[in-house]
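Me: Please take me through one part of this model slowly, since I am new to it. I would like to understand how its strands are arranged and what packs around them.

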Amino acid sequence: MKYYILPFGCQMNRSDSERVRTVLNGMGYVESDDENDPEVTIRGIIACSVRQKAIDRVYGRIRNWNAVKSERSTLTFISGCVLPADREKFLKMFDLVFPIDQLPELPDMILHYGVPTPGAFEVPRVETGMVSSDQPPEVGQAIIPFEIGAPALGKPGREEARKRIESFWKVKPSYTSPVEAYVPIQNGCDKFCTFCAVPYTRGREVSRPSAEILAEVRFLVNNGCKSVMLLGQNVNSYGLDKKGEELSFPELMRAVGEIGRETEIEFRTYFTSPHPRDITRNLLEVMSEYEVLANWIHLPLQSGDDKVLLKMNRNHSMDRYRSVVNDIRRILPEAALFTDIIVGFSGESEEQFKHTADVMREFKYDMAYIARYSPRPGAASARWDDDVSREEKERRFRKLSTILLEITTPLNRRRVGTVERVLVTGEDRKVGFLSGYTEGRIPVRLAAEGVGIGDFVEVEIISARPLSIEGRVC
Ligand code: SF4
């Protein structure tokens, strides 16, 4: 019997799905990468509520999945980032709807639901009161209520949330790659940016115990992993919810750096995403001390205009952001700088948009993820007019995309003739080539000869494209 898992959205969701796989593998199911495989009994989605598009795709999928329910006994579930308004609708469509921190209870939910399981013959069906698998519940009878959320919604407080997420983190992930791994260090967010639903879908910030994080990093690097991404919605406020009892984020990074020194294994440590308000010089200085702490910072800008930042409740000004970037350039001169930007936020004027465009030119980002604003029900900004037209958002998106390429194209051209240390991570789309990335996460294509996935290699850059480079092993 097989299962199929579909994570949408960010790296945190992909990381969560690695733990979901462990639980289903533990029940004896085998993963399938084909959702239409007739042997697939369980189909699940790890949802993302950041953009309406991802939610629309959930509706498309569940319609297809429910269409085969009359032919065979199957089970569908949804977890991840789900807003209360969507949850109500999903309860009528999915068999199971549960917050991700209830994952350890998934085997019980499946058994009680009554879908055939690989261990079904060993299950005392009468004693557990299971629904017969011959009579699966109707679509629309989800049996698990979704409970996590902001305390304001009458949901569990931080201590209860902490207990649940800590038991979730104890589930060992089934890593997708032997070379690159996600390591969650925190869940939830206390920042309440007005465009964002995370504090309502994942709840308040909870830091994972540092001993567990460090044990996982040590395990990974001792077992061949070469790139570790520390994940959290707001990584640099790590430890603030347990001030005095837990390491701060710079201390955590130092401890990871020490693992590098002690083991003498080459690997790279990244983190995403930090909040500009909480980034400290101390963190940058720690990064400059250790080889294994990669020269790469993803620093979300969102807008280059003070008034828009205020309306977004980002809690910092452009002066603050500028001083962080200056510190990065001074303390980590080699660091690549990535960012996130939203265009067409509620009320964003042409002049305010131009400030963002100016800031892009000023900071010369190595990469920018640009999003057209769309209000999410549940986020504070959903109450405001979405008053920048779709066409105007598209124009602003194109404008910033053009500026990005004007910046990255010469940056990458300047790399031609230089030698970069590249981590090889997988097959390239072009046959006979592999792909990897530099320490600053610039994608690199290289000829496969004599090189393997997981190798660090010196690569002479021979050509450049706007967002990637190509080279040959020296
Ligand atoms: S910092 Fe803001 S954008 Fe990031 S997760 Fe928290 S509320 Fe959302």
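Reply:
**Strands, then helices**

Strand S1 (residues 2–7) pairs with S2 in the parallel sense, over two bridges; strands here are DSSP runs (E, at least two residues), helices are runs of H or I with at least four, and both are numbered from the N terminus. Two strands count as paired if DSSP finds at least two bridges between them. The model is a predicted one, in which local features need pLDDT of at least 70 and side-chain atom pairs count only at pLDDT 80 or more, while totals for chains, interfaces and linings use all residues. Residues are numbered from 1 along each chain as its sequence is written.

Within the pairing of S1 and S2, Tyr-3 has Glu-31 of S2 as its bridge partner. Both strands belong to an open sheet of five strands, which has the order S2-S1-S3-S4-S5 and parallel pairing. Strand S2 (30–31) and strand S5 (96–97) are at the edges, where each has a single partner strand, so one side of each lacks a neighbour in the sheet. Helix H1 (residues 11–26) lies across S1, S2, strand S3 (40–47) and strand S4 (75–80), and runs at about 170° to S1. Such angles are taken between N-to-C directions and run from 0 to 180 degrees, with axes fitted as lines to C-alpha atoms, for helices over the stretch in contact; residues are in contact if their C-beta atoms, placed from the backbone, lie within 7 Å.

A further open sheet has three strands in the order S6-S9-S10, with parallel pairing. Its edges are strand S6 (180–184) and strand S10 (268–272), each with a single partner strand, so one side of each is left without a neighbour in the sheet. From one strand to the next, the twist averages 25°. Strand S9 (residues 227–231) runs parallel to S10 and is joined to S10 by five bridges, and Leu-231 stands opposite Thr-272 in S10. H1 packs on this sheet, touching S6, S9 and S10, and its direction makes about 95° with that of S6.

Turning to helix pairs, helix H8 (residues 210–222) packs against helix H9 (residues 249–263) at an angle of about 30°, with the axes 10 Å apart. That makes H8 roughly parallel to H9, a description that covers angles under 35 degrees. The residues that meet include Ile-213, Leu-214 and Val-217 in H8, and Ala-255, Val-256 and Ile-259 in H9. By class, the contact of H8 with H9 has eight nonpolar, three polar and one charged residues, where Ala, Val, Leu, Ile, Met, Phe, Trp, Tyr, Cys and Pro count as nonpolar, Asp, Glu, Lys and Arg as charged, and the others, Gly among them, as polar.

Helix H10 (residues 281–289) and helix H12 (residues 318–331) have axes that come within 10 Å and cross at roughly 20°, and H10 and H12 are therefore roughly parallel to each other. Their contact is made by Arg-281, Leu-284, Glu-285 and Ser-288 of H10 with Asp-327, Ile-328 and Ile-331 of H12. The residues of the contact of H10 with H12 divide into three nonpolar, one polar and three charged.

Note on methods: Angles under 35 degrees count as roughly parallel, over 145 as roughly antiparallel, 65 to 115 as roughly perpendicular and the rest as oblique. Two residues are in contact if their C-beta atoms, placed from the backbone, lie within 7 Å.
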